[in-house]
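Reader: I am new to this structure. Please take one part of it and walk me through it closely.

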Amino acid sequence: MTASSDPFGPGITFLRGRQKLTGTAMEKLSITGDSFPAKSGFEAVDSVIMIVDDELLNIEMTQAFLQEAGYSRFISTNESEHAVELMRRDPPHVLLLDLSMPKVGGIQILAALREDEQLRHIPVIVLTSSADGPTKLQALGLGAMDFLAKPVDPSELALRLRNTLAASAHRDYLINHDALTELPNRPSYVREVERAVKTAALRHHGCALLHIGVDRLSQLQDAMGRVAGDILLQRMAKRLRYCVEGAQGGELGQLEEQYPRLYRFDSDEFAVVVPFLDEIESAAGLITSLMEATATRVKIGGNQIFVTASLGVAVYPLDGDTPAELTKNASLAMRHARLTGNTYEFFTRDLKERAVRALLIGADIRRALVRNELSMLYQPKIDIGTGFLMGAEASLRWTQTDGTVIEGNQIFRMASTSDMAIALTEWMLAEATRQTAHWQSAGLSMVPLGIKLSLRVLTVPQIMEVVSVAVIRGAKAKFLCLELSSLSALDDAEAVSRMTLKLREWGFRVALDNFGTADATLSDLSGLSLDEIKLDACFMKMDAGPQNAAVLRATLALARELLINCVVTGVQTAGQLSFLKEIKADQCQGRLFNNPMPAAEFALKWLARPE
């Protein structure tokens, strides 16, 4: 994919498959200046070929011819009475059919295919020794696509077969795609909704339908002509496709079968099927990007036209438990949004309220990043034996325009989408890079600065990406400690293990946060490459009795055996500190030493070198 500086600008091109755009599609592109995905790559040799002939020798010879031509997937039978049932169980891409067979003849099989909704579109090549004209006409009338005379010439068979498969693939593409936008069409949408609802019911999760209607399309066509409307729809399709493809593999599904997909639903309406949805807030990021993509100015024939769209959302199972009901409710919600002038509308009031909160908060956080409403706070990490500063933990503070202050992990919980979590993490790493560079240039004492990275809101690839970006932007690994939490949110322990090893190879300190809780247990230490573990604050809420002391001593001993530093968090009283000194704990942090404080105060109290 290539793009201009505007991610939705006319320079962007999507390339898929192996075939080139041809004929009408190229003419459309020359009109609009936009590029759309080429049709899916077609490889004839991957096709399943079924051979029905009462002579086994004919089947073996035909299959041998085709194997030499590169084909390898075959179904065959010399018992014609079973042919139709075999095709129902495993529909082939093409049928090679003999006409003259005992019990059930080829004409009878063609007639059965024609009456079967599932099988009627299977292309059929008739192999026959009969030159009977009326029989051939009858076969053609029942749907046969080609004839070959027996004995079959191998080269001609391979050529006819490939042509038939190519024609069938092109026909299927036209049947399942909209000619103007080249998006999957309404019949494709209907099949996908049926599949999504069935899967959601079996696996006990949600799914969602998003219907997007282009506002005032008919007025535009009346004023500027049908061609202008077509150009607008093509541009809109490209922008929506960009958004939907950007959401694939994120919060809305890690597996390809769960990816959101875009369809041309009606004349002025598009639709997005979200096959996997654990909570409505997860869709907030996609809804936001779709609305941003559709509210834009488009230049058509020298005229700048401001375009908007209305979006309706229906969610399974709350808004309906059948594909037809969900589809109807998504369209109703879209039309209601158009009538009320809202950009989007949810069919269920409760879902609407929750999603609107998530969307508004996401917008607020996005504005906070632009308006410099965010800042960092720092809390010291102390050596228990000496009292020396050994490091610091950074956290976020958000000072809103009305004076409301929000701190810590609550900001990440409010973000609700992975895009916002990534943006906040990128900002923290950039600010840590800037602050450590400033402290170093001022000649202050330098200690590792801890940045929390939660695997509940960020995936392993996302963490690697944001850290890589930070390094490119000048982050010095030796001044940063990456504190991982919520390992229980991931099933792929090997991926986390590889990540910790790579981060340490880059020079970062790596810590495991919240150790001793369900989010970080003893089993998580196996295979991880760590510099330290941070005991959860719950340890300091226990009494200082002999059993708890034994637990802490055992944990400290394990950490030392593994050559891992152990930090006790949540220290609030002098008595707790004395207890930690008694059991010879390594390091600690907590409000006993300081509440999290702004950079200037932290530097003055903890980093300034004595005169």
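In what sense do strand S6 and strand S11 pair, and over how many bridges?

Author: Note that this is a predicted model. Strand S6 covers residues 206–214, and strand S11 covers residues 309–316. The two pair in the antiparallel sense. Their pairing runs over 8 bridges. Take one of the residues involved: alanine 208 has valine 315 in S11 as its bridge partner. Strands of a sheet pair through backbone hydrogen bonds, either parallel or antiparallel.

Now the sheet around this pair. It is an open sheet of 5 strands. Their order is S7-S8-S6-S11-S12. The pairing across the sheet is mixed. Strand S7 (261–266) is one edge strand, and strand S12 (344–346) is the other. Each of these edge strands pairs on one side only. From one strand to the next, the twist averages 20 degrees.

Next, the helices. Helix H9 spans residues 226–246. H9 lies across S6, S7 and strand S8 (269–277). Its direction is at about 150 degrees to S7. Helix H11 spans residues 323–340. H11 lies across S6, S7, S8, S11 and S12. It runs at about 145 degrees to S11. Both strands of your pair, S6 and S11, are thus among those that H11 lies across. S6 is also among the strands that H9 lies across.

That is the pair in its setting: antiparallel strands S6 and S11, placed side by side in the order of the open sheet, with helix H11 lying across both.

Note on methods. Residues are numbered from 1 along each chain as its sequence is written. This is a predicted model: local features need pLDDT of at least 70, side-chain atom pairs count only at pLDDT 80 or more; totals for chains, interfaces and linings use all residues. Side-chain values use heavy atoms; hydrogens and water are left out. Two strands pair if DSSP finds at least two bridges between them. Helices (H or I, at least four residues) and strands (E, at least two) are DSSP runs, numbered from the N terminus. Axes are lines fitted to C-alpha atoms, for helices over the stretch in contact, and angles run from 0 to 180 degrees between N-to-C directions. Contact means heavy atoms within 4.5 Å.
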